[in-house]
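Ready for a bit of practice in reading a protein structure? Grab a pencil, open the viewer and work through the exercises below.

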Amino acid sequence: VSAADWHRAGLLLFRAGLPIRAGACVGEALQRAPASRRYRHDLAVIRYAEQRVEEARGLIAELVASPDASLEERANFVAIWTRATAPADLERTLVQAEVVLAREPANLRVLDSTAIVLGKLGRRTAALSYAERAVAADPRSASALYTLARLLDEEQQPAVALAAIQLRPTLLQQDPRLLRL
């Protein structure tokens, strides 16, 4: 069985909701073809889905450390590193977000992640601005709405947060965090 076959099998398993099995297959593909950026990238995404965050961070960080890192790699770096808490790690995340947003200014995932990172860094005004941009980029995104509403609530603006949620009542069914908020 070739590395490409292992990779394909892993992607099929991942799409089927079986990240642990997918990780084993893509891991095997990477063992057989250690220079493959695609396999390394996909394994990082799968490891993150498996909650193996440190391993995912290491894999994706290797990719974005090279000058030929793709926008997809950088965007996934941002998504994976958004959970970081150390200021230096959050700043690294913002650097990658800026690169992606310079080329894809309406990238919903990166806008939303940037809002979260800026909020963690205490840059509240900028965080709210990015959260608003994320909601504008996709008004049907429950996740983006949650980030905006949470940031507003943290800024002691619960009425504004509630008003933002009430503008999109159908999203309450998509994300239980909105109901809790």
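**Exercise 1. Placing a loop residue**

In which loop is Ala-33 found? Work out its surroundings too, keeping in mind that this is a predicted model.

*Solution.*
Step 1: Find the helices on either side. Ala-33 sits in the loop between H2 and helix H3 (37-49).
Step 2: Check its accessibility. Ala-33 has a relative accessible area of 22%. Buried means under 20% and exposed means over 50%, so Ala-33 is partly exposed.
Step 3: Look for partners. Leaving out neighbours within four places in sequence, Ala-33 is in contact with Ala-3 and Tyr-39.
Step 4: Compare sequence and space for one of these partners. Ala-33 and Ala-3 are 30 residues apart in sequence, and their C-alpha atoms are 6.3 Å apart in space.

**Exercise 2. The whole chain**

Describe the chain by its helices and strands, its dimensions and its contacts.

*Solution.*
Step 1: Count the elements. The chain has 11 helices and 0 strands, and along the sequence this reads α-α-α-α-α-α-α-α-α-α-α.
Step 2: Get the dimensions. Along its principal axes, the C-alpha trace spans about 60 × 35 × 25 Å.
Step 3: Ask how much is tucked away. Of the 181 residues in the chain, 46% are buried.
Step 4: Turn to the contacts. Take the ones with a separation of 6 or more: 50% of them join residues 24 or more positions apart.

**Exercise 3. The first pair of helices**

How are H1 and H2 oriented to each other, roughly parallel or roughly antiparallel?

*Solution.*
Step 1: Read the geometry. Helix H1 (residues 3-15) and helix H2 (residues 19-32) pack at an angle of about 160°, and their axes are 7 Å apart.
Step 2: Apply the cut-off. Angles over 145 degrees count as roughly antiparallel, so H1 and H2 are roughly antiparallel to each other.
Step 3: Add the handedness. H1 and H2 cross in a left-handed way.
Step 4: See who takes part. On the H1 side, the contact includes Trp-6, Leu-13 and Phe-14, while the H2 side includes Cys-25, Val-26 and Arg-32.
Step 5: Sort the residues by class. The contact of H1 with H2 has 11 nonpolar, 2 polar and 3 charged residues.

**Exercise 4. Another pair**

Now do the same for H3 and H4.

*Solution.*
Step 1: H3 packs against helix H4 (residues 53-64) at an angle of about 155°, with the axes 8 Å apart.
Step 2: With that angle, H3 and H4 are therefore roughly antiparallel, and their crossing is left-handed.
Step 3: Among the residues that meet are Leu-43, Ala-44 and Tyr-48 in H3, and Leu-59, Ile-60 and Leu-63 in H4.
Step 4: By class, the contact of H3 with H4 splits into 8 nonpolar, 1 polar and 5 charged residues.

**Exercise 5. From a helix pair to the core**

Which residues touch the most other members of the largest nonpolar core? Start from H8 and H9 and work towards it.

*Solution.*
Step 1: Helix H8 (residues 124-137) and helix H9 (residues 142-154) pack at about 150°, with axes 8 Å apart. That makes H8 roughly antiparallel to H9.
Step 2: The crossing of H8 past H9 is left-handed. The contact of H8 with H9 holds 10 nonpolar, 1 polar and 3 charged residues.
Step 3: Pick Leu-148 out of this contact. Not counting residues up to four places away in sequence, Leu-148 touches Leu-128, Ala-131, Glu-132, Val-135 and Ala-164.
Step 4: Now the core. It has 51 residues, and Ile-60, Trp-81, Val-110, Leu-148 and Leu-178 touch the most other members. H9 supplies the largest share of this core, 8 residues.

**Exercise 6. Two residues, two settings**

Are Leu-111 and Pro-87 buried or exposed?

*Solution.*
Step 1: Locate them. Leu-111 is in helix H7 (residues 108-120), and Pro-87 is in helix H6 (residues 87-103).
Step 2: Check the accessibility. Leu-111 counts as buried because its relative accessibility is 1%. Pro-87 counts as exposed because its value is 53%.
Step 3: List the contacts of Leu-111. Beyond four places in sequence, Leu-111 touches Leu-101, Pro-105, Ala-106, Tyr-130, Arg-133, Ala-134 and Ala-137.

Notes: Residues numbered from 1 in each chain as written. Predicted model: local features only at pLDDT ≥ 70, side-chain atom pairs only at ≥ 80, totals over all residues. Heavy atoms only, no water. Axes fitted to C-alpha atoms, helices over the stretch in contact; angles between N-to-C directions. Helix = DSSP H or I, 4+ residues; strand = E, 2+ residues; numbered from the N terminus. Parallel < 35°, antiparallel > 145°, perpendicular 65-115°, else oblique. Left-handed = near helix turned anticlockwise from the far one by under 90°. Nonpolar A, V, L, I, M, F, W, Y, C, P; charged D, E, K, R; others polar. Core = buried A, V, L, I, M, F, W, Y, C linked by side-chain atoms within 4.5 Å. Buried < 20%, exposed > 50% of the residue type's maximum accessible area, 1.4 Å probe, protein only. Contact = heavy atoms within 4.5 Å.
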